[in-house]
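Let's take a walk through this protein together. Keep the 3D view open and turn it as you read.

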Amino acid sequence: YTIAPIIPRRFAMDTGGPLTVKLLWASLASLVLSLLPAGVIAYLVLWPLQFAAVAAGEWGSVLGNFRPWQLATHLLVNSVWDLIFIALTLLYFGGQLESMWGTRRYGLFLATCALGAAVVQCLVTSLVAWLGLSAYQASFGASGLMYAILFALAYLAPYSPVRLLIPPVTMEMRTLAIVFAVIAF
């Protein structure tokens with residue numbers, strides 16, 4: 001399995017297949033969620049587990065505000081700034097992955113990464129809240145999907161040139177993934 005024949009256009013913008021287009025529309029539609037009341041949004045965002053309840057022997061209140069559907073619905077709640085980056089990542093890089101892998105494999109990859117990112121986010125925020133390093137607060141956003149797409153392309157084609165919009169700089173795909181990871185952390 002070689003990569004060279006798979007990437008003939010060197011990351012020219014490709015909106016990809018039907019899944020990428022649907023995800024772009026879904027990211028646009030998620031702007032409507034910001035208009036919902038805060039009480040409804042509280043049921044959609046990902047709440048951490050309450051490990052302090054385990055230490056106190058209250059196993060019944062471990063879940064706190066966490067609900068299983070939040071592993072998926074927290075992806076729909078984003079700030080406008082996050083949505084811009086997620087939509088640009090889908091537009092420029094998600095289409096490339098869908099073109100290389102096909103819609104089914106690309107969809108399974110995104111579903112796996114979304115679930116994995118949600119579980120890791122839930123565990124980390126639960127642990128941080130339990131240790132008292134941060135307040136008990138919800139998390140939201142589809143940044144895990146954005147980084148999954150970037151890292152997948154950086155793995156598949158690390159030396160492919162990528163040109164940023166702002167600032168107009170050309171760099172390799174692996175450098176772009178590293179820069180975005182450093183900015184996030």
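Before we start naming parts, here is how they get their labels: helices (at least four residues) and strands (at least two) are DSSP runs, numbered from the N terminus. With that in hand, we can place Ser30, which sits in the loop between helix H1 (18-29) and helix H2 (38-44). One thing to keep in mind throughout is that this is a predicted model.

**Ser30, a loop residue**

Is Ser30 buried or exposed? Its relative accessibility is 5%, and buried means under 20%, so Ser30 counts as buried. Which residues does Ser30 touch, once its neighbours within four places in sequence are set aside? The contacts of Ser30 are then Leu76, Asn78 and Leu83.

**The whole chain**

Now zoom out. The protein chain has eight helices and two strands. Read from the N terminus, the order is α-α-α-α-α-α-α-β-β-α. Of the 185 residues in the chain, 36% are buried. The chain exposes about 10700 Å², and carbon and sulfur atoms supply 72% of that.

How do parts of the chain meet in space? Take the contacts with a separation of 6 or more: 74% of them are between residues 24 or more positions apart.

**Ala148, a helix residue**

For a case you can click on, try Ala148 in helix H7. Ala148 and Cys113 are 35 residues apart in sequence, yet their C-alpha atoms are 6.5 Å apart in space. Ala148 is in contact with Cys113 and also with Phe109, leaving aside neighbours within four places in sequence. With a relative accessible area of 13%, Ala148 is under the 20% cut-off and therefore buried.

**Two pockets**

Next, look for the open spaces. Here are the two pockets side by side.

| Pocket | Volume | Lining |
|---|---|---|
| Largest pocket | about 750 Å³ | 27 residues |
| Second largest pocket | about 490 Å³ | 18 residues |

Start with the largest pocket. Phe85, Leu88, Leu164, Ile166 and Phe180 are the lining residues nearest its centre. The elements that give two or more residues to this lining are helix H5 (80-101), helix H7 (143-156), strand S1 (161-163) and helix H8 (173-184). Which of them gives the most? That is H5, with nine residues. By class, the lining of the largest pocket splits into 23 nonpolar, two polar and two charged residues.

In the second largest pocket, the lining residues nearest the centre are Gln121, Ser143, Gly144, Tyr147 and Ala184. Helix H6 (103-130), H7 and H8 each supply at least two residues of this lining. H6 has the largest share, with five residues. The lining of the second largest pocket holds eleven nonpolar, six polar and one charged residues.

**One salt bridge**

Last stop: charged side chains. How many salt bridges are counted in this model? The count comes to one. This salt bridge joins the side chains of Arg174 and Glu172, at 2.9 Å from N to O.

Are these two partners buried, exposed or in between? Partly exposed means between the 20% and 50% cut-offs, so Arg174, at 36% relative accessibility, counts as partly exposed. Glu172 has a relative accessible area of 28%, which means that Glu172 is partly exposed as well.

Note on methods. Residues are numbered from 1 along each chain as its sequence is written. This is a predicted model: local features need pLDDT of at least 70, side-chain atom pairs count only at pLDDT 80 or more; totals for chains, interfaces and linings use all residues. Side-chain values use heavy atoms; hydrogens and water are left out. A salt bridge is a side-chain nitrogen of Lys or Arg within 4 Å of a carboxyl oxygen of Asp or Glu. Buried means under 20% relative accessible area, exposed over 50%, partly exposed in between (1.4 Å probe, protein chains only). On a 1 Å grid over the protein atoms alone, a cavity is a set of points where a 1.4 Å probe fits but cannot get out, and a pocket is an open set with protein on both sides within 12 Å along at least five of seven lines; lining residues have an atom within 4 Å of a point. Grid points are joined across faces, edges and corners, and a volume is the space filled by probe spheres set on the points. Ala, Val, Leu, Ile, Met, Phe, Trp, Tyr, Cys and Pro count as nonpolar, Asp, Glu, Lys and Arg as charged, and the others, Gly among them, as polar. Contact means heavy atoms within 4.5 Å. Accessible areas come from the Shrake-Rupley method with a 1.4 Å probe; for residues, only the protein chains shown count as cover.
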